[in-house]
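Hi,

Here is the structure I said I'd pass on to you. Have a look at it first, and then read my notes below.

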Amino acid sequence: MAHPRVSAERIVLFVCGENTFRSVLSEALFKAEAPPGWTARSAGARAGAKVNPIVEWLLREIGIQDWKTRPEQVTPDAIQAAARIVTFGCLDQCPAGVSGKDEDWPIPGSTGKSDDELRAIRDELRRRIRDLIQRLPKESGESYQPPRDR
């Protein structure tokens, strides 16, 4: 009998409303700097039809060439598999199991934003991801460090 592939990597799951902008950016930014033993995935509380094309421009501008192209719905299995979960104001729409391994980042969406505002969103996500990476356990026995007050 075949067994499902078990990943040795721990997962940070980024969840936003539609998985079309913030969470997709975050997944790509995290993967570009992921520490050993960690990876990222992203999903939406209500998956949209397609990833916002602005994501490609914002990532290419900083040299990242790899990102997801199709939104995904967050599932109980994705929540269970994640070691850490970052939400963008949609915690109340996520499946059970998020509590205790989550943090919520108050980052705005892309609607109505200028190019400079979009870059600022990307750069703030990058800053927060770098902070998160510093707080992640390096070894399986270490504990997660919660975010510092901002």
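**A salt bridge to start with**

R135 and E103 form a salt bridge, and their closest N and O atoms are 2.9 Å apart. This pair joins distant parts of the chain, since R135 sits in helix 4 and E103 in strand 4, 32 residues apart. Both ends are tucked away: R135 counts as buried at 4% relative accessibility, and E103 is buried too, with a relative accessible area of 6%. Keep in mind that this is a predicted model.

**More charged pairs**

As a general point, side chains of opposite charge can pair when their charged atoms come close. How many salt bridges does the structure hold? There are 14 of them.

Another one is the salt bridge between K31 and E27, where the closest N and O atoms are 3.0 Å apart. Here both residues belong to helix 1 and are four residues apart, about one turn of the helix. K31 is partly exposed, with a relative accessible area of 41%, while E27 is buried, at 8%.

Then look at R122, which forms a salt bridge with D123, with 3.0 Å between the closest N and O atoms. R122 counts as buried at 4% relative accessibility, whereas D123 counts as partly exposed at 38%. These two also belong to a network of salt bridges that links E61, D116, R119, R122 and D123.

**The sheet**

Now for the strands. They make an open sheet of four, in the order 2-1-3-4, with parallel pairing. Strand 2 (38-44) and strand 4 (102-104) are at the edges with a single partner strand each, so one side of each has no neighbour in the sheet. From one strand to the next, the twist averages 20 degrees.

You can go through the pairs one by one:

- Strand 1 (residues 10-16) and strand 2 pair over seven bridges, and W38 in strand 2 is the bridge partner of R10.
- Strand 1 and strand 3 pair over four bridges, with I85 in strand 3 as the bridge partner of L13.
- Strand 3 and strand 4 pair over three bridges, and I85 stands opposite D102 in strand 4.

In a regular strand, side chains alternate between the two faces of the sheet. Strand 3 is a good place to look: R84 and V86 point one way, I85 and T87 point the other way, and all are buried.

**Helices on the sheet**

Helix 1 (residues 22-33) lies across strand 1 and strand 2, and it runs at about 170 degrees to strand 2. Helix 4 (residues 115-135) also packs on the sheet, where it touches strand 1, strand 3 (84-87) and strand 4. The direction of helix 4 makes about 150 degrees with that of strand 1.

**The nonpolar cores**

In soluble globular proteins, nonpolar side chains tend to be buried together. Which residues touch the most other members of the largest nonpolar core? Out of 28 residues, they are F14, F30 and W105. Strand 1, helix 1, strand 2, helix 2 (54-60) and helix 4 each give two or more residues to this core. The largest share, six residues, comes from helix 4.

Try clicking on W105: leaving out residues up to four places away in sequence, W105 touches F14, V86, T87, F88, L125, R128, I129 and L132. There is also a second, separate core of 11 residues, including V15, A45, V74 and I79.

Cheers

Definitions and conventions. Residues numbered from 1 in each chain as written. Predicted model: local features only at pLDDT ≥ 70, side-chain atom pairs only at ≥ 80, totals over all residues. Heavy atoms only, no water. Pairing = 2+ DSSP bridges. Axes fitted to C-alpha atoms, helices over the stretch in contact; angles between N-to-C directions. Contact = heavy atoms within 4.5 Å. Buried < 20%, exposed > 50% of the residue type's maximum accessible area, 1.4 Å probe, protein only. Core = buried A, V, L, I, M, F, W, Y, C linked by side-chain atoms within 4.5 Å. Salt bridge = Lys/Arg side-chain N within 4 Å of Asp/Glu carboxyl O.
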